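Subject: The structure I mentioned

Hi,

Here is the structure I said I'd send over. Have it open while you read, and I'll walk you through what turned up.

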2 protein chains.
Amino acid sequence: MNGGFRAPSTGTVVKAVLFDVFGTVVDWRTGVAGAVREFASEHELALDPESFADSWRGRYVPSTARVRGGEREFVSLDVLHRENLEGTLAESGFDPNDFAPEVLDRLALAWHVLPPWPDSVAGIAELRRHYIVGPLSNGNTALLLDMAKAAGLPWDLILGSDVSRAYKPDPMAYRGPAAFLGIEPAEIMLVAAHPMDLTGARAAGLATAYVPRPAEYGEQSGHVAAPGGDWDVVATSITGLAARM
Amino acid sequence: MNGGFRAPSTGTVVKAVLFDVFGTVVDWRTGVAGAVREFASEHELALDPESFADSWRGRYVPSTARVRGGEREFVSLDVLHRENLEGTLAESGFDPNDFAPEVLDRLALAWHVLPPWPDSVAGIAELRRHYIVGPLSNGNTALLLDMAKAAGLPWDLILGSDVSRAYKPDPMAYRGPAAFLGIEPAEIMLVAAHPMDLTGARAAGLATAYVPRPAEYGEQSGHVAAPGGDWDVVATSITGLAARM
């Protein structure tokens, strides 16, 4: 890595490398399933923590889509995670009203403290030497801050979705950070494990790096990473990405 | 320092220690005068760099006051610094139109790269172990980001005045960050070298720490720090503050 990477798709030198977080930087499934396992054990509930985590996560895109589509005002991802927890409990055959609100509040905070993938901290630290590094996530600032402090993610700055008040793949979510950073959208590269996110970033004028995370849904999930696609960089880890830039 | 400091004025345990920046964390006068000296030498101008820096800084409070008072829409501190540079040049007997706009743009960026006081980096790093740390400055995010990267200021996050779109001592400037951090204003402590700033913070419900910087206007300025006042902590350095918390 020596800085000054020029993205083929934009012809522009990258100044900031911003990251999708859930699935790309952190292993949300292991972290959330761990908190769910503890909750289930404490309340003697028969449930599969990994499946519960998957169902909870499954409600995420539809819930942000209602904000993107203008069906409801912007609310933070903390609010959506808390609502979606009640939906997941109900779907799993439990009555959310059987639990004290504070207990569910605490469980919903599981999304604030998630383990990074093994290469995340080192890769971000390496990129930070030559680029601005930060999250470009649908997470709100407080969530991303708690996560960064717990996992030691060495961000230069954290601007959550509550700053731009837009959810990816809304173009405003990708373009919003540029004005705060004092740079152009084309000077930002989004790093993500999800082609849909990269497609949104590219449509908004950003450079793109694809870092597939085949273990996102568990080692045995049979989850197959999408093919490489026409992204500016494709790498199997963030340290690998750093080496290419 | 062992965390969990309870501020006498609020009776609340502090979770985030946020800093005024110009004068409190960085020595703006030395940094700006250095850039002005280079500019003057390049353009063969007879001026005193320190006095020029003082005049430029002198326009800062009146220019933010026009935004606070609603006389003009919010514009970033970068815009104000650039405008105030022209005013300072004119006041010093130079016609701003004698210089290429890009030359003045570049000089105005002097405020992005300023030397920290000797205790700043170590003190912030120490506080970061137990508290959220960040700037609470009238600087815009891009300015604070450039400054942090150049000086190695180990902030957890950077939310510039362009996020809250308010200038201290407007109460919104002090209260705005709390919502993004997911905490109450009383859980934030402002650290500042200027009693006016601390008075604003206290009026907005924050805890306060006074760290006078008698050399802000130069070692020989005869500038006398205001007396201690009734702040939650008074310390002579940020490392000293960290030791008290």
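Below are my notes, going from the domains to a helix pair and then to the way the chains meet.

Before anything else, keep in mind that this is a predicted model.

**Two domains in chain A**

Start with chain A, which the domain assignment divides into domain 1 (6-27 + 115-244) and domain 2 (28-112). Notice that domain 1 is written as two stretches of the chain, 6-27 and 115-244. Taken over C-alpha atoms, the centres of the two domains of chain A are 24 Å apart.

Where do they touch? On one side of the contact are 19 residues of domain 1 of chain A, and on the other are 15 residues of domain 2 of chain A. On the domain 1 side, the elements that supply two or more residues are α7 (141-151) and α8 (161-164) of chain A. The largest share there comes from α7(A), with three residues. If you sort that domain 1 side by class, you get seven nonpolar, six polar and six charged residues.

**A pair of crossing helices**

Now look for helix α2 (residues 49-58) and helix α4 (residues 77-91) in chain A. Their axes come within 9 Å and cross at roughly 130 degrees. Are they parallel or oblique? Angles of 65 to 115 degrees count as roughly perpendicular and those over 145 as roughly antiparallel, and a crossing at roughly 130 degrees fits neither range, so α2(A) and α4(A) are oblique to each other. Their crossing is right-handed.

If you'd like to see which residues do the touching, pick out A:Phe52, A:Ser55 and A:Trp56 on α2(A), then A:Asn84, A:Leu85, A:Thr88 and A:Glu91 on α4(A). By class, this contact has three nonpolar residues, three polar ones and one charged.

You can find the matching pair in chain B. There, the axes of α2 (residues 49-58) and α4 (residues 77-91) come within 9 Å and also cross at roughly 130 degrees. The crossing of α2(B) and α4(B) is right-handed. In this chain, B:Phe52, B:Ser55 and B:Trp56 of α2(B) meet B:Asn84, B:Leu85, B:Thr88 and B:Glu91 of α4(B). The residues of this contact are three nonpolar, three polar and one charged.

**How the two chains meet**

Next, zoom out to both chains. Between them, 15 residues of chain B are in contact with 15 residues of chain A. Which elements of chain B give two or more residues to this contact? They are α7 (141-151), α8 (161-164) and α9 (171-181) of chain B. The largest share of the chain B side is the five residues from α7(B). By class, the side of chain B that touches chain A has nine nonpolar, three polar and three charged residues.

Finally, the symmetry. A turn of 180 degrees, with a shift of 0.0 Å along the axis, lays chain B on chain A with an RMSD of 0.0 Å. That is the relation of a two-fold axis. To find the axis in chain B, go to B:Leu157: its C-alpha is the nearest one, 2.3 Å from the axis. The same surface serves both copies, since 100% of the contact residues of chain B recur in chain A.

Have fun exploring, and write back with any questions.

Cheers

Conventions. Residues numbered from 1 in each chain as written. Chains lettered and ligands numbered in written order. Predicted model: local features only at pLDDT ≥ 70, side-chain atom pairs only at ≥ 80, totals over all residues. Domains from an automatic or database assignment. Contact = placed C-beta atoms within 7 Å. Helix = DSSP H or I, 4+ residues; strand = E, 2+ residues; numbered from the N terminus. Nonpolar A, V, L, I, M, F, W, Y, C, P; charged D, E, K, R; others polar. Axes fitted to C-alpha atoms, helices over the stretch in contact; angles between N-to-C directions. Parallel < 35°, antiparallel > 145°, perpendicular 65-115°, else oblique. Left-handed = near helix turned anticlockwise from the far one by under 90°. Least-squares fit on C-alpha atoms with pLDDT ≥ 70 in both.
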